[in-house]
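Student: Please take one part of this protein and go through it closely. I would like to see how its strands are arranged and what lies against them.

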Amino acid sequence: MSNPRGKVFLVGAGPGDPGLLTLRGRDLLAIADVVLYDYLANPRLLQHASDDAELLCLGRHGQAQGKGRLIAQEEVHRLMISAAQAGKKVVRLKGGDPCVFGRLGEEVTALEQAEVDYEIVPGVTAALAASSYSGVPLTHRDHASCVAFITGRECSDKSGGKLDMAGLAQFPGTLVFYMGVTTAPDWAAELITHGKPESTPVAIIRHASLPTQTTAVTTLGEVPTVLAPGKLRPPAIIVVGDSVAAKSNIQWFTSRPLFGRRILVTRPEHQAAELIESLEELGATVLLQPAIAIREVEDFTPLDDAISRLDEFHWLVFSSANGVHAFFKRLLSTEWDRQALARTRIAVIGPATAEALAEYHLKSDIQPKEYRAEALAEELVNDAGGTAGKRYLLLRASRGREVLATTLLASRAKVEQVVVYRSEDVEVPDPEVATALEQGEIDWITVTSSAIARSLVAMFGHSLKKTKLAAISPLTAGVLSEAGYEAEIIAEDYTSEGLVEAILKSGSPKR
């Protein structure tokens, strides 16, 4: 049988902030068989891709990281076409907007010549993001009623005339240069030669929409000095015109409280999104390095046996959200008496575990005010009627403290423990993360459990001395301390929100 007809989607990735990807772009990444992405596309966007998708970086950034290689444009055409002709859905993820200096015309021509179906999905172009995120208007009622987007790096074998610098010098509006850092001394000098005043305001916005964004305001006459070779590295957008003088004094983007900080999140990948989003919303640059991995148990026999006897237990006790999800995933895949669960009470260790339980339309009967095993054990022991003779099913990880079981057994309860998921250390860190930590480029590491604390010590060792550690609880801080690494701060409320609040209150200066 012949392969189904493939298709190429030319998708704008936006300028850097992963939140600027369109909904259409996100949905296409989710169904793509192959993703060919520019190095300027934020790697966070790849989290929308399927685990089975083939990912290939087409630029220098990936090459430097060992994740890609420098690929010629003709090779990009071949990769798109061959994958589509094999029946695959291909997302060509392009920085900014595909139609603005994105070589879209060449790629569309190649696809049409090969009779490959395609779709173009626009993105936020860098100039618009630079304007919005820096407060530099591109148009202004008093200064500019039109805008010109200009490439600062023309194709060497371009057919037809070159840029009309004399015409641009007389342009009655704002000039926006893309890819113009390395050629700035040349085009600035030409604009001045053709009559553009040296006093014309200029804004240079580097890394627009990213937590590393910087904005510098100068004049056209100073551009050759400010952007002399080696003084500033691309990418940057350069805005030339009187509208720059109307730049906002309130920097909504760069004034966010964690702007400029680099924070490492160490939770398992499937649990990290909420913490990452909270930190990024406050302006931080967030790196992810899971310290532990959550996996299914290798043998479900003990769990299945417990499920078959749910009506024997007075209490189900969950000490983590992972335990809730692992238990119910297995429960819902087996035959079980729904009435048995209705007769059983449920205890959870904290709000995150309670939220996980709520996803299955259940509410806990006990949740301690202090989110730790000792407090949960005390609540259970002090529950009306006592614990003597009652049966407790503790649904737990493959490793962890024995406080719950020990306390309940001491109060003459009958306790059965069942491992519902495996918690394993991640032994080898991402090389980029390890390098950044070793070079002192990370401001904070969030440590959200004792298991994560132990794994981080084993993974990074003495490099942990080159950053600040934020512990979610005194127990977690104690594990770090025993290993010789003191937490800079400890959350007062033992939750992700409490940890973020503690970092904010620390008043730690930017690097």
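Tutor: Strand E14 (residues 315–318) and strand E16 (residues 391–397) are paired in the parallel sense, over four bridges. In this pairing, Val 317 has Leu 394 of E16 as its bridge partner. The model is a predicted one.

The two strands belong to an open sheet of five strands, which runs in the order E13-E17-E16-E14-E15. The pairing in this sheet is mixed. At the edges stand strand E13 (292–295) and strand E15 (345–348). Each of these has a single partner strand, so one side of each is left without a neighbour in the sheet. From one strand to the next, the twist averages 25 degrees.

A helix also packs on this sheet: H13, residues 351–358. Helix H13 touches E14 and E15. The direction of H13 makes about 140 degrees with that of E15.

For another case of packing, take helix H19 (residues 496–506). Its buried residues are Ser 496, Gly 498, Leu 499, Val 500, Ala 502 and Ile 503. These buried residues pack against one helix, H9 (273–281), and against the strands E18 (444–447), E19 (468–471) and E20 (489–490). Just after H19 comes Gly 507, with a positive phi of about 65 degrees.

Key. Residues are numbered from 1 along each chain as its sequence is written. This is a predicted model: local features need pLDDT of at least 70, side-chain atom pairs count only at pLDDT 80 or more; totals for chains, interfaces and linings use all residues. Side-chain values use heavy atoms; hydrogens and water are left out. Buried means under 20% relative accessible area, exposed over 50%, partly exposed in between (1.4 Å probe, protein chains only). Contact means heavy atoms within 4.5 Å. Two strands pair if DSSP finds at least two bridges between them. Axes are lines fitted to C-alpha atoms, for helices over the stretch in contact, and angles run from 0 to 180 degrees between N-to-C directions.
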